[in-house]
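Biologist: Could you walk me through how some of the helices pack here, and then we can turn to the pockets?

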Amino acid sequence: MEKQWWHSAVVYQVYPRSFYDSSGDGNGDLVGIISKLDYLQQLGINLIWLSPVYLSPMKDNGYDIADYQAIDPRFGSLEDMRELIAQAKQRDIGIMMDLVLNHSSDQHAWFKQSRQSRDNPYRDYYIWRDQPSELRSIFGGSAWQYDSQTEQYYCHLFADAQPDLNWENPQVAEEIHQMINWWTAQGVAGFRLDVIDLIGKQIDQGITENGPRLHPLLQQMHQACFKDKTLVTVGETWGATPELAKLYSDPARQELSMVFQFEHAAIDWHPQHSKWQPQPFNLVALKQVLTKWQTTFNGDGWNALFWNNHDLPRIVSRWGNDQQYRQRSAKLFATLLHGMQGTPYIYQGEEIAMTNVRFESLEDYDDIEIKNNYQEKVVEQQSLSHQQFMQGVYASARDNARTPMQWDNSSNAGFSQGQPWLKVNPNYTEINVAAALDDPQSVFYHYQKLIALRKSSEFSELLIYGTYQLLLPEHPQIFAYLRQYKQQRLLVVANVSEVDQRLSLDFKAKQVLLNNLQQPQGAVNRLGALQLAPYQAIIYVLE
Ligand code: NOJ
């Protein structure tokens with residue numbers, strides 16, 4: 001396989017509104033991010049995936065873009081953006097912009113034109129029909145909105161303020177390509193492509209994901225925007241299977257560098273109520289899914305590794321233990337992920353084991369997905385009670401990941417001098433960056449070690465390119481796998497439970513490379529008689 005610079009990269013996702021507010025208006029901003037670059041450099045990451053900072057009415061926190069080439073005043077200016085790119089570059093950190101190409105905001109100039117008359121030159125930039133179909137919006141309700149001015153319906157797979165762009169219209173592709181090239185000229189290192197598997201839709205046939213035009217459109221985009229450049233691109237593809245992922249990320253096909261697959265992330269969703277009523281965690285199923293993805297590519301694709309992002313609950317609360325074993329279980333999940341093959345992504349706050357939040361009132365939540373689903377499931381269909389829905393919110397809602405970053409134990413967690421746009425998680429007095437940096441045993445330093453192992457150790461090549469083999473596939477509490485490259489072998493073994501585990505592995509340990517418990521080396525050297533404490537995770541160098 002031809003090696004690429006982003007194979008060895010570690011990416012950190014910044015959700016700008018919640019990262020750091022330098023102006024005191026309660027919203028995070030670009031100057032705030034610049035002021036935290038030293039912190040990110042200390043962590044060791046090479047790339048920042050920046051969730052949208054474009055001009056936006058913020059109906060979906062910036063995933064509703066009113067102008068792709070302007071910065072929202074809440075976040076700062078284009079000058080600030082250029083400064084962020086330059087300052088990051090000085091620290092060897094690249095910026096990945098978030099491209100939301102499936103839809104725009106209804107406040108985008110294109111849509112304002114489009115809705116004016118049926119013969120407006122921009123009419124065909126969006127999808128208009130005389131009659132709505134049965135299609136549902138991902139945020140709840142119909143995917144069609146009636147517009148009285150021209151007496152037609154427009155399609156929106158997300159909120160009604162997010163009309164879908166019409167990728168059947170070649171002019172749309174052309175405008176988007178120009179915009180992407182403009183960002184590349186600003187010096188960004190790459191792009192994350194929001195719900196990109198939806199752009200090939202055939203709406204009249206009811207096809208939204210993975211439509212027939214998807215891959216031709218991506219190949220066209222590659223030719224127009226990515227070819228012969230050193231950019232990294234990652235697509236968000238909820239419906240990806242390994243076969244589909246190869247279509248996107250096989251270098252020979254010239255589409256994207258990699259995709260986010262979500263099979264593991266939806267593993268505990270309820271068949272009817274999806275994430276609003278998650279099922280108990282099943283480690284065997286998780287191992288099976290991740291192993292399938294770890295063993296699927298053979299130079300014909302590349303994995304993006306993640307537990308968290310701005311749409312998912314915090315991993316330590318979801319499958320770890322965010323009380324007694326918060327730090328240890330957070331380190332366990334970090335070890336498991338960063339031990340795998342692919343490019344790891346860290347979501348802001350994950351590196352200090354920030355947790356889910358439990359606000360008592362629905363009023364304290366902001367996310368449109370929560371509001372629309374409440375309306376649909378509790379008020380209209382009555383398929384879930386208020387209590388059941390709140391349990392779903394506590395377990396799975398996106399705002400769990402979006403509460404402001406906890407920098408220190410001063411008011412508002414040091415995030416803002418003003419009133420934060422979303423309440424801070426009250427546990428900031430204990431869980432915050434300042435406390436993590438003060439504690440040599442903190443989760444932060446565990447991430448720092450994992451990143452250093454991948455980037456600049458004698459095991460770098462192994463961690464990036466080594467083969468993966470699952471051990472004990474049926475064990476309900478132990479996640480163990482081997483990585484191998486040339487003559488080197490590493491064993492990652494983790495006890496994903498709250499009880500001690502004894503096991504016998506037929507390998508000889510040469511060295512303990514990383515242990516999330518402080519123990520003398522000799523204590524866990526005998527793999528034939530291994531005892532693991534709750535949530536203990538170890539990486540061994542094998543003979
Ligand atoms: C996926 C994004 O990650 C999510 O936050 C957003 O709401 C939808 N796409 C719509 O853009």
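Modeller: In this predicted model, Gln 327, Ala 330, Lys 331, Ala 334, Thr 335 and His 338 of α10 meet Val 443, His 446, Tyr 447, Leu 450 and Arg 454 of α15, where contact means heavy atoms within 4.5 Å. Local features need pLDDT of at least 70, side-chain atom pairs count only at pLDDT 80 or more, and totals for chains, interfaces and linings use all residues. Residues are numbered from 1 along each chain as its sequence is written, and side-chain values use heavy atoms, with hydrogens and water left out.

Biologist: What does the contact of α10 with α15 have by class?

Modeller: That contact has five nonpolar, four polar and two charged residues, counting Ala, Val, Leu, Ile, Met, Phe, Trp, Tyr, Cys and Pro as nonpolar, Asp, Glu, Lys and Arg as charged, and the others, Gly among them, as polar.

Biologist: And at what angle do α10 and α15 pack?

Modeller: Helix α10 (residues 326–338) and helix α15 (residues 443–456) pack at about 15 degrees with their axes 9 Å apart; axes are lines fitted to C-alpha atoms, for helices over the stretch in contact, and angles run from 0 to 180 degrees between N-to-C directions. Helices are DSSP runs (H or I, at least four residues), numbered from the N terminus. α10 and α15 are therefore roughly parallel to each other, a term for angles under 35 degrees.

Biologist: How about α5 and α6, at what angle do they cross?

Modeller: The axes of α5 (residues 170–185) and α6 (residues 214–226) cross at roughly 40 degrees and come within 9 Å. Ala 173, His 177, Ile 180 and Asn 181 in α5 meet Gln 220, Met 221, Ala 224, Cys 225 and Phe 226 in α6, a contact with six nonpolar, three polar and no charged residues.

Biologist: Switching to pockets, what volume does the largest pocket have?

Modeller: Its volume is about 840 Å³, meaning the space filled by probe spheres set on grid points joined across faces, edges and corners. On a 1 Å grid over the protein atoms alone, a pocket is an open set of points where a 1.4 Å probe fits, with protein on both sides within 12 Å along at least five of seven lines, and lining residues have an atom within 4 Å of a point.

Biologist: Which residues lie nearest its centre?

Modeller: Of the 36 lining residues, Ile 138, Phe 139, Phe 158, Trp 269 and Glu 369 lie nearest the centre, while helix α11 (residues 368–380) gives the most to the lining, with four residues.

Key. Helix = DSSP H or I, 4+ residues; strand = E, 2+ residues; numbered from the N terminus. Parallel < 35°, antiparallel > 145°, perpendicular 65-115°, else oblique.
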